[in-house]
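Trainee: I want to learn how the labels are earned. Can we go through them one at a time?

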Amino acid sequence: MYLGFNTFAPPGSVWNAIIKFFAVIALVGGLSLPAAAQVVMVGDSSGSGFLFHHRGNCFVIMPKHVHGPRFKGVRLSVPNGAIGSADIVYSTGDATDLSLGLVNGGIAEDCGVDWSSLPRRLDALRPGSPVTILRGRQKSQEARDGTVAAVTFEALSVRPAPGQPADFFAGTSGATVFSGEKPVGMVTDAETAGEAGALRMDETAGRLSRWIEGVQDGRVCDDPAVAERVAACRPEAPPE
């Protein structure tokens, strides 16, 4: 079932400019560049989110603590570019710290990667693997080269690569961890400057898959908490 959210156009000039900006950073600093992904700022730099699209709908994933008690109209933006908002339609418990939102507004016109491209297995991820953390900021997006410190069945931890600043602090939550161009994790814990904890992206995809499938046949709107937050779940008023 199509919920009536924005359809998607090819990447626009704003995103192309951002890509060119990071290409310069990559050339100068040696950072690997995730080309197709869309990492957005949540609120006023309270954290970041990761956009993906599926069958005409735009979604964002972020840690639950990043949007806090706000479940409607969570502001999303890219530096000097498009803005939008998300209605949070699914959240796990506080221990897991994961939320999913449906996105509206101009930011949905360039909604990152397709749901099917998110990894379902990350068997090659090992301690010592090089990664890049990409996070949203008010005036720019920041990329940091890192190294995987540890990997568990559900999570991983990342430390700054040699020569990179140890600045994993508040505001890094929701940043996306990439291995090359593949998203492999989402930062959920950045309480120390020298190490960040992340939920594995294959774990994220596994936890969200049942909900995403429910979008297509309308089951999600049977949940009153979801129907209250999502405009597409409410029937249009009959014409006068």
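Mentor: Start with D97. Leaving aside neighbours within four places in sequence, D97 is in contact with M62, P63, K64, H65, T92, M186 and T188. Contact means heavy atoms within 4.5 Å. This is a predicted model: local features need pLDDT of at least 70, side-chain atom pairs count only at pLDDT 80 or more, and totals for chains, interfaces and linings use all residues. Residues are numbered from 1 along each chain as its sequence is written, and side-chain values use heavy atoms, with hydrogens and water left out.

Trainee: Where is D97 found?

Mentor: In the loop between β5 (83-91) and β6 (99-104). These elements are DSSP runs, numbered from the N terminus: helices are H or I, at least four residues, and strands are E, at least two.

Trainee: What makes the link between D97 and the side chain of H65 a polar contact?

Mentor: The distance is 2.6 Å. A polar contact is a pair of N or O atoms within 3.5 Å; within protein, one must be able to donate a hydrogen and the other to accept it, and residues adjacent in sequence count only if both atoms are side-chain atoms. So 2.6 Å passes the distance limit. The side chain of D97 also reaches the backbone nitrogen of K64 at 2.8 Å.

Trainee: Why does D97 have no salt bridge?

Mentor: A salt bridge is a side-chain nitrogen of Lys or Arg within 4 Å of a carboxyl oxygen of Asp or Glu. The nearest side chain of opposite charge, K64, is 7.4 Å away. That is over the limit, so no salt bridge is counted. For charge, Lys and Arg count as positive and Asp and Glu as negative, while His and the chain ends are not counted.

Trainee: What makes R144 and D167 a salt bridge?

Mentor: Their N to O distance is 2.9 Å, so the pair passes the rule. R144 is in strand β9 (residues 141-151), and D167 is in the loop between β10 (155-160) and β11 (176-179), 23 residues apart. R135, E142, R144 and D167 are linked in a network of salt bridges. The whole structure holds eight salt bridges.

Trainee: Why is R207 called partly exposed, and E203 not?

Mentor: Buried means under 20% relative accessible area, exposed over 50%, and partly exposed in between, using a 1.4 Å probe and protein chains only. R207 has 21%, so it counts as partly exposed. E203 has 15%, so E203 counts as buried. The two form a salt bridge, with closest N and O atoms 2.6 Å apart. They are four residues apart in helix α3 (residues 201-217), so about one helical turn separates them.

Trainee: How many aromatic pairs are there?

Mentor: Four. Rings of Phe, Tyr and Trp (its six-membered ring) pair if their centres lie within 6.5 Å; planes under 30 degrees apart count as stacked, over 60 as edge-to-face and the rest as tilted.

Trainee: How do you know that F52 and F59 are stacked?

Mentor: Their centres are 5.3 Å apart and their planes are at 15°, so the pair is stacked. F52 and W115 also have centres 5.3 Å apart, but with planes at 35°, so that pair is tilted. F52, F59, W115 and W211 form a cluster through ring pairs.

Trainee: What sits over the ring of W115?

Mentor: The charged end of R120, 4.5 Å from the ring centre. The rule asks for NZ of Lys or CZ of Arg within 6 Å of the ring centre and within 35 degrees of the ring normal. So 4.5 Å meets the distance part.
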